[in-house]
Amino acid sequence: MAKRKICVVITARPSYSRIKTALEAINKHPDLELQLVVAASALLDRYGSAVNYMVKDGFEISAKVFNILEGENLTAAAKTTGIGILELSTVFDNLAPDIVVTVADRFETMATAIAASYMNIPLAHIQGGEVTGNIDEKVRHSITKLADYHFVASNGAYERVVKLGENPEFVFNTGCPSIDLAAGVKENPRLDFEPYQKYGGVGAAPDLKNGYWVVMQHPVTTEVSLSRKQIEETLHAMYEIKEPVLMFWPNVDAGADGTSTGIRSFRETHKLDHFHFFKNMEPLDFLRVLCNSKGLIGNSSVGIRECAFLGVPVVNIGSRQNKRDRGNNVIDVGYSKDEILHAIKAHTRHKPSTSHIYGGGDAGKQIAKLLSTLPLVFHKTITF
Ligand SMILES: CC(=O)N[C@H]1[C@@H](OP(=O)(O)OP(=O)(O)OC[C@H]2O[C@@H](n3ccc(=O)[nH]c3=O)[C@H](O)[C@@H]2O)O[C@H](CO)[C@@H](O)[C@@H]1O
């Protein structure tokens, strides 16, 4: 029997960590053949070239799609999606997959879902049903409507996908593959590498042995004009803390220009001898860095998902993760420096308990098994 061809499209760094263990399980599965397509910011040096980590991890790349338009604004996001549809339809035509897999809710993932749907290729969606507000949420629920199989990450997400009219026979709460990685880190949390040596980056090299903070703050797609002001408040708060800060650059979202300019100009006007800046780390290394930190400050979804599992305290800033199911490791604050400082002092003194909202650590294997056995769906029926 011919192997089922599973085409997974990865468009950004966070999508790699959220699918990596499923890729490994697909590769190992005797009835499946992995076709890995890498696109958008995952290919760009400026965003840390996540593609290099995929190659290093032993994955063969079937196709690359360069579709990011310069600009980091709302128009560039819409046009990038358009180019993605054009390019990916050619890729799918050449690879002729049996199932296409798309991850989460970023603007570029929409292109995968549209191209596969129009080409009558069954579509599997990872991470549907979550609520966050802003443009990501519209995209996420739209992809749910285009998808034939749903591998969701929490009970709440399962219920919402079914409420959206999807057939429960094709909705599975597998948990999030990123929790599989976090489970490995929980077993062996030792920081077994030297971050400055391994990843370079820029800035001072503060001594990390007495503790450090991790900062990762992205622009909010519905508040793009405020992104610079928002990051400045966070930078001022971390400046006052006077303890080592490992700071990561934002993703390629609309408004990232404002966030990056805010960081650059703050660096030029302040003596930052306790800050170091990184573009990107391999998924497992990044989780090790978090696991050994005093806490995460910012608005990355890693604070809500992996940090809940690892029991890392998180000061979650602003509206980007609004309404996402969360554990007691998270305290929500507004954008002001004073609120952030107050939350850091009040919330991060004790290690919070861990929670399994987003899975127990075997999502990748479950997803590969389902992909090998589910009937191929070409015309789904929707209940109303
Ligand atoms: C508003 C929002 O949340 N948007 C989406 C965005 O997440 P979001 O933009 O929050 O993603 P981030 O870039 O903050 O990164 C989160 C993920 O990337 C990993 N990481 C991060 C830094 C690094 O150097 N190395 C590394 O591997 C983290 O472990 C984590 O798994 O894309 C994700 C995956 O497509 C989605 O799940 C989110 O819904």
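The following questions and answers deal with a predicted model, its two domains, its ligand shell and two of its helices.

User: Into which domains is the chain divided?
Analyst: One domain is made of two stretches of the chain, 4-176 and 359-373. The other covers 185-347. The names are therefore domain 1 (4-176 + 359-373) and domain 2 (185-347).

User: How many residues does each domain give to the contact between them?
Analyst: The C-alpha centres of domain 1 and domain 2 lie 26 Å apart. Contact is counted where C-beta atoms lie within 7 Å. On that count the contact takes 26 residues from domain 1 and 22 residues from domain 2.

User: Which element gives the most to the side of domain 1 that touches domain 2?
Analyst: By class, this side of domain 1 has 12 nonpolar, nine polar and five charged residues. Elements that each supply at least two residues to it are α1, α3 (50-56), α4 (74-95) and α6. With four residues, the one that gives the most is α1.

User: Which residues are closest to the ligand, and which element gives the most to the shell around it?
Analyst: The ligand is surrounded by 28 residues, and the closest are Pro14, Ser17, Ala104, Ser300 and Ser301. Two or more residues of the shell come from each of α1 (13-17) and α12 (283-291). The element that gives the most, with four residues, is α1.

User: What is the make-up of the shell around the ligand by class?
Analyst: Domain 1 and domain 2 each contribute at least three residues to the shell. Sorted by class, the shell around the ligand has 11 nonpolar, 10 polar and seven charged residues.

User: What is the distance between the end C-alpha atoms of α10, and why does it agree with the expected span?
Analyst: Helix α10 (residues 227-241) has 15 residues. At 1.5 Å a residue it should span 21 Å. The end C-alpha atoms are apart by a distance which agrees with this, 22 Å.

User: Which residues of α10 are buried, and what covers them?
Analyst: The buried residues of α10 are Ser227, Gln230, Ile231, Glu233, Thr234, Leu235, Ala237 and Met238. In general, residues three or four places apart on an α-helix point the same way, because there are 3.6 residues a turn. The cover of the buried residues of α10 includes the strands β9, β10, β12 and β13 and the helices α11 and α14.

User: Which residue just after α7 takes a positive phi?
Analyst: Within α7 (residues 155-163), Ala157, Tyr158, Arg160 and Val161 are buried. Their cover includes α6 (134-146), β6 (149-152) and β7 (171-173). Just after α7, a positive phi of about 100° is taken by Gly165.

Notes. Residues are numbered from 1 along each chain as its sequence is written. This is a predicted model: local features need pLDDT of at least 70, side-chain atom pairs count only at pLDDT 80 or more; totals for chains, interfaces and linings use all residues. A residue is near a molecule or strand if its C-beta atom, placed from the backbone, lies within 6 Å of it. Ala, Val, Leu, Ile, Met, Phe, Trp, Tyr, Cys and Pro count as nonpolar, Asp, Glu, Lys and Arg as charged, and the others, Gly among them, as polar. A residue is buried if 20 or more other C-beta atoms lie within 10 Å of its own, exposed if 12 or fewer, and partly exposed in between; C-beta atoms are placed from the backbone. Two residues are in contact if their C-beta atoms, placed from the backbone, lie within 7 Å. The expected span of a helix is 1.5 Å times one less than its number of residues.
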